[in-house]
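Colleague: I am new to reading models like this one. Could you take me closely through one part of it, slowly and with the terms explained?

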Amino acid sequence: MENYLIAMAVSAGIYALMALGVNVIWGLAGMVNLGLVGFFAVGAYVSALLTLKLGLPIAVGMAAGAVVTSVVGVGVALITVRLRGDYLAIVTLGFAETIRIVASNAIWLTNGTDGISGIAGPYRSRLSPEAFNMTYLGIVVAIVAVAYMFAERLRASPFGRVLRAIRDDEQVAAVAGKHVALFKVKAFAMGAAALGLAGALYAHYTSYIAPDIFVPLLTLYIKLALLAGGLGNNRGAIVGAFAVVFLLESTRFVIPLVPGVSAVQGAALRELLIATLLIVMLRYRPRGLIPEQLPRIPVPSSTGPVTST
Amino acid sequence: MSPLLAEVTQLVVNGAMSGAILAVPAIGLTAIYAVLRFPNFALASHATIGAFAGYIANAKLGLPILPSVIVAFLAAGAVGVVSDEVVLKQFRPAGFITTAIASIALTIALENIVRFGFGNELRGYALPIERDWRFGPIRVGPQQLQNLAIAAFTMAALFCFLTFSRTGKAMRAVADNPMLASIKGINADMIGRLVNFVGMGLAGLGGMLIGLDTTIDPLTGFRSILSVFAAAVVGGLGSIPGAVIGALTVGIGEELCLLFLSPDYRSAVGFVAILLVLTLRPRGILGQRAY
C-alpha cells in the first residue's frame with residue numbers, strides 16, 4: 001500500500017512537471033499544444049536510448065531529453081508562429097501522432113511496439129524497491145520544486161508579462177514593440193523542455209516505455225490538471241496534477257464495482273469520464289478553478305495631484 | 001512497360017483512389033472550418049461513428065453497401081448536429097483554441113462510447129470476395145472502384161448542392177462573409193447546423209469508405225485524421241476544391257513513398273506534407289490566407 005501511494009505520488013509529480021510546462025505554453029502565452037504527449041515521448045525515448053545504448057549517466061540522459069525536446073519544440077513553434085493559432089493545434093496533434101508512428105516502426109532504434117525495457121533507474125540495483133521508490137520520489141519532488149520556482153520567477157518577470165500581453169492581445173504586444181514571434185518560440189521551447197524532462201523522469205522510473213503509453217488521452221489529463229488548478233497559476237498546476245492522479249486512481253477502484261461492465265467497457269467509461277470532465281471544466285471554468293492571480297506591479301506613488309495649466 | 005514504370009503507375013492509381021476517398025472527410029473538415037472557423041478534431045470520432053453505423057446496417061441488418069453508406073452519412077451527420085448543439089456550440093464565444101481543445105475531448109468521449117458498445121476487436125463489412133481486374137500490368141479491385149464511384153458521386157452531389165441550391169449558396173455566403181450574409185437575412189445558426197450535418201455526414205461516409213478497404217475499430221477515425229487534416233491543409237483550409245486536390249496529393253504522395261519507405265510510415269507522410277506546405281505556402285494550394 002505504501003509503495004502504491006509513493007508510486008502515485010511520483011506520477012503526480014511527473015504530471016505536475018508537465019502541467020508546469022504546459023502552463024508556460026498555454027497558460028501564459030496562450031498557445032495551444034494538443035500534442036504534448038509527443039514531447040513527453042521524445043524526452044522519454046531520448047533519455048532511455050542514450051543511457052541504454054551509449055551508456056551515458058542517467059542525469060546526462062535526462063538533461064539531453066529535455067534539451068532535445070526543447071529543440072524539437074522550437075522547430076514546431078517556428079513553422080507555425082506566424083500563422084493563425086489553429087495551425088499550431090493541427091501541427092502539434094500531428095506531431096504527437098507522427099512520433100507514435102515512428103516509435104512503433106523504427107524497430108532498429110525503438111524496438112517498435114514491444115517497447116524498450118530495462119531502462120536504468122538511479123541506484124536501482126543497489127536499493128530495495130521501497131528505498132528506490134522513496135529516492136525517486138525525492139528526486140521528482142526536488143525537480144518539481146525547482147521547476148516551480150523557475151515558473152514563478154518567469155511569471156513575475158517582465159518576460160512573463162510580455163507573454164501574458166501576447167496571450168491577451170497579440171497586436172497590442174506587437175505595437176508595444178515586442179517581438180511577438182520570438183517570445184512565442186521561447187515560451188514554447190521552455191514548456192517543451194519541461195515536458196521532455198517529465199518524459200525522461202517517467203522512463204527512468206518505470207524502466208519501460210512503449211508507443212502505447214503515449215496516447216492522446218495523456219494530453220487531456222494534463223489539460224484537465226491545469227484547468228483543475230487554474231490556468232496561468234503554477235501552484236494550481238501542481239495541485240491539479242495531484243487531483244487528476246487521485247481521480248484516475250479512484251476510478252480504477254470504483255469502476256470494477258459497477259456490475260456487468262467488462263474490462264474494456266470499464267476503461268472506456270474511465271476515458272469517457274475524463275473527456276466529459278474536461279469539456280465541463282472548459283465550459284464553466286475556462287480559466288480554471290483557482291483563477292490566475294496577476295503579480296502586483298508597483299505603481300510609482302504620485303507626488304500630489306497633476307495640475308494642468 | 002518497364003517494371004519500374006508499371007510499379008509507379010500502380011502506386012499512382014492506388015494513390016488516386018485512396019485520395020478520392022480521403023477527399024470526402026477532408027471536404028467535411030474544410031467546410032466546417034469555412035463556416036465555423038475552427039479545426040474540428042471531433043471529425044475523427046464522427047468518421048468512426050459513420051463506419052460503425054454502416055457496419056450495423058451492412059453486417060447486422062444485411063443491407064447492401066450502397067444503402068449502408070447512406071446510413072453512415074445520416075448517422076454521423078445526425079450525431080454531428082447533436083454534438084455540436086450540445087457541446088461545441090457553447091465554446092464558440094470562448095475562441096477557437098478552447099473550441100479546438102473541447103473538440104478533441106469530444107472526439108475521445110464519442111470514441112469511448114463506441115468502444116463501450118462494440119469493444120476493441122476489429123470488424124469487417126460483409127463483402128463479396130472478388131478477383132482484381134487487370135488493365136495491362138495495373139490491377140484494380142472492384143470494391144476500390146465502387147468506393148471511388150461513391151466518393152466521386154458524393155463530391156458531385158455536394159458540388160451541385162453548393163452551386164445551384166439556395167441553401168448551398170447561403171452556406172457559401174456565410175463562409176465568405178458572415179456579416180454580409182446576416183444582413184441579407186441568412187440565419188447563421190441554421191447554416192451552422194446544416195454545415196455540421198453535411199460535414200460530419202461526409203466524415204462518417206469517409207470513415208466507412210476507409211473501413212471498406214480494411215477493417216474497423218473504435219480508432220478507425222483517429223488513425224486517419226492526420227491524413228484528413230493533411231489533405232485539408234495542403235489544399236488550403238476552408239477551400240472545398242482545395243480539399244479535393246489536397247487529398248489527391250496526399251493520397252498519391254503516401255503511395256509513392258512506398259517506393260522507398262515501409263508502408264508503416266504512410267500516415268507520417270501526411271505530417272511531412274503539412275510541414276512542407278506550412279513552410280513554403282502556408283495558405284495551401286487554393287486557400288486564401290493562413291495568418
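Modeller: Happily; here is a walk through one pair of helices, with a little of the chain around them.

This is a predicted model, where local features need pLDDT of at least 70, side-chain atom pairs count only at pLDDT 80 or more, and totals for chains, interfaces and linings use all residues. Residues are numbered from 1 along each chain as its sequence is written, while chains are lettered from A and ligands numbered from 1 in the order in which they are written.

Chain A has 12 helices and two strands; these are DSSP runs numbered from the N terminus, helices being H or I of at least four residues and strands E of at least two.

Now look at helix 1 (residues 2-28) and helix 10 of chain A, whose axes come within 9 Å and cross at roughly 75°. Axes here are lines fitted to C-alpha atoms, for helices over the stretch in contact, with angles from 0 to 180 degrees between N-to-C directions. Because of that crossing angle, helix 1 of chain A is roughly perpendicular to helix 10 of chain A, a label used for 65 to 115 degrees.

On the helix 1 side, the residues making the contact include Y15(A), M18(A) and W26(A); helix 10 of chain A brings Y221(A), I222(A), A225(A) and L226(A). Two residues are in contact if their C-beta atoms, placed from the backbone, lie within 7 Å. By class, this contact has nine nonpolar, two polar and no charged residues. Nonpolar covers Ala, Val, Leu, Ile, Met, Phe, Trp, Tyr, Cys and Pro, charged covers Asp, Glu, Lys and Arg, and the others, Gly among them, are polar.

Chain A also meets a partner: 37 of its residues are in contact with 40 residues of chain B. Helix 10 (216-229) of chain A is one of the helices that each supply at least two residues of that side.

Definitions and conventions. Parallel < 35°, antiparallel > 145°, perpendicular 65-115°, else oblique.
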